[in-house]
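Got the viewer open? Load the model and follow along, one selection at a time.

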Amino acid sequence: LATAVLLAFGAWLAPGAARAADDQLKLALLPIGQSGSYFDLTLRPGEQRSLQVQIANNGAAAVYARTYAADVYTIINGGFGANTAVQPTSGMTGWIAYPTAVLALGSGQVSLRSFSVSVPPSTGPGEYISSLLLENDQPISGGGPVGMGQVVRQALAVVVTVPGLRSPAFEIGGATAKVFAGTSLIDVAVANSGNVRLKPRVAFVLTDANGTPVERATIQTGTFYAQTRTFVEFPLTQLLMPGRYLLELVVDDAAGDVHLDMTGIALVVGAAPTPLVAPGATGSLGVAALDTTLIIGLTGSAIGLVVALALLNLSRRRRAIRTAPGTSRPGAWDHERRGMEPAIPGRRADAHH
């Protein structure tokens, strides 16, 4: 299991903001006293554990680095996602005594920071997850004519297992369709409503209103964390015509904890949206189109960066809201938070587990 490299784009550089070459910004966030690449703890209700994390600047230039604790959510099709510094915290993040701080780190400087995790006495059994984050406090400028800032984030998971009865559960919600790159995408709202993580295999069959099969496929998802909501997304090979469709979903967890077979999920496809810029017209991207966060997880073979700047705003709309362990937020099934990130991060790479 390895860490996420999170690249956040979209902050316009203010005068005097930090500027550095790509190889100058190399921050590291590592667990101390752990056999793995993240904090994996077993604690009972009322128990507390003191821990340490190593913060390092392995780059060629000094940097001000912000570090903080943040909620974890499940990204589209499963996987690890962490909130930003400006978003509110809840759930297990409240167990972590890790105040937000901005550290001045010289080139090659290493710092140890102590913190503690305290499990509330009334906590029920199950798996809980939060995270520690490290990022450059001021955006650095990217190359090219567009004045974008870049924030590099390192995420380190903190996982706590409270011993007791395992209660796996999974829920399926409504389906929606959208058009992307000339084909249709189907999103189905799902929730891991149990107390343990799941990694389901999901198969779907799409039929028209007359029961005629239109398309079918199977995907192996990443990790769905306990008490989080997200979406399963199916890219189709065709553009769906306006009309009514039905969807069947079969969900099988890799560990055999959950099996669901749900039929008759209604899908209504409306007329294609009017393009924002007519063919042949000249469009422009303002500040609003760049005010977003694009999250990228790197694997050993390196997943490529989205190259079209216009997709940055679309990326923001496609992210799914997360619900922290033990909480339930209104609107959690809306399309507001998406990304590509690893299941549990530790060092600079990613892997679903």
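Start by selecting proline 200: its bridge partner in E18 is aspartate 253. (Strands here are DSSP runs of E, at least two residues long, numbered from the N terminus.) Before you go on, note that this is a predicted model, where local features need pLDDT of at least 70 and side-chain atom pairs count only at pLDDT 80 or more, while totals for chains, interfaces and linings use all residues. Residues are numbered from 1 along each chain as its sequence is written, and side-chain values use heavy atoms, with hydrogens and water left out.

Now show strand E15 (residues 200-208) together with strand E18 (residues 243-253): nine bridges hold this antiparallel pair. Two strands count as paired if DSSP finds at least two bridges between them. Slide along to aspartate 208, whose bridge partner in E18 is tyrosine 245. Stay on tyrosine 245 and look across to E19, where leucine 267 is its bridge partner.

Next, add strand E19 (residues 259-269), which runs antiparallel to E18 and is joined to it by nine bridges. Zoom in on the turn of this E18-E19 hairpin: there are five residues between the strands, and glycine 256 has a positive phi of about 80°.

Time to zoom out. The open sheet has four strands in the order E16-E15-E18-E19, with antiparallel pairing. At its edges sit strand E16 (213-220) and E19, each pairing on one side only. On average, neighbouring strands of this sheet are turned by 15° against each other, direction ignored (axes are lines fitted to C-alpha atoms).

Step back from E18 into the loop that links it with strand E17 (228-235), and pick leucine 239. Is leucine 239 buried or exposed? Neither: its relative accessible area is 37%, so leucine 239 is partly exposed (buried is under 20%, exposed over 50%, with a 1.4 Å probe and protein chains only). Add Val179 and Met241, and you have a nonpolar surface patch with about 260 Å² of accessible area in all. Patch members have over 30% relative accessible area and no salt bridge (Lys or Arg side-chain nitrogen within 4 Å of an Asp or Glu carboxyl oxygen), and nonpolar side chains are joined within 5 Å.

Last stop: select Phe115, Val117, Leu132 and Val160, which touch the most other members of the 41-residue largest nonpolar core. Such a core joins buried nonpolar residues through side-chain atoms within 4.5 Å. Colour strand E12 (148-162) too, as E12 gives the most to this core, with eight residues.

How values were computed: Patches are made of residues with over 30% relative accessible area and no salt bridge: like charges are joined within 9 Å, nonpolar side chains (Val, Leu, Ile, Met, Phe, Trp, Tyr) within 5 Å. Accessible areas come from the Shrake-Rupley method with a 1.4 Å probe; for residues, only the protein chains shown count as cover. Axes are lines fitted to C-alpha atoms, for helices over the stretch in contact, and angles run from 0 to 180 degrees between N-to-C directions.
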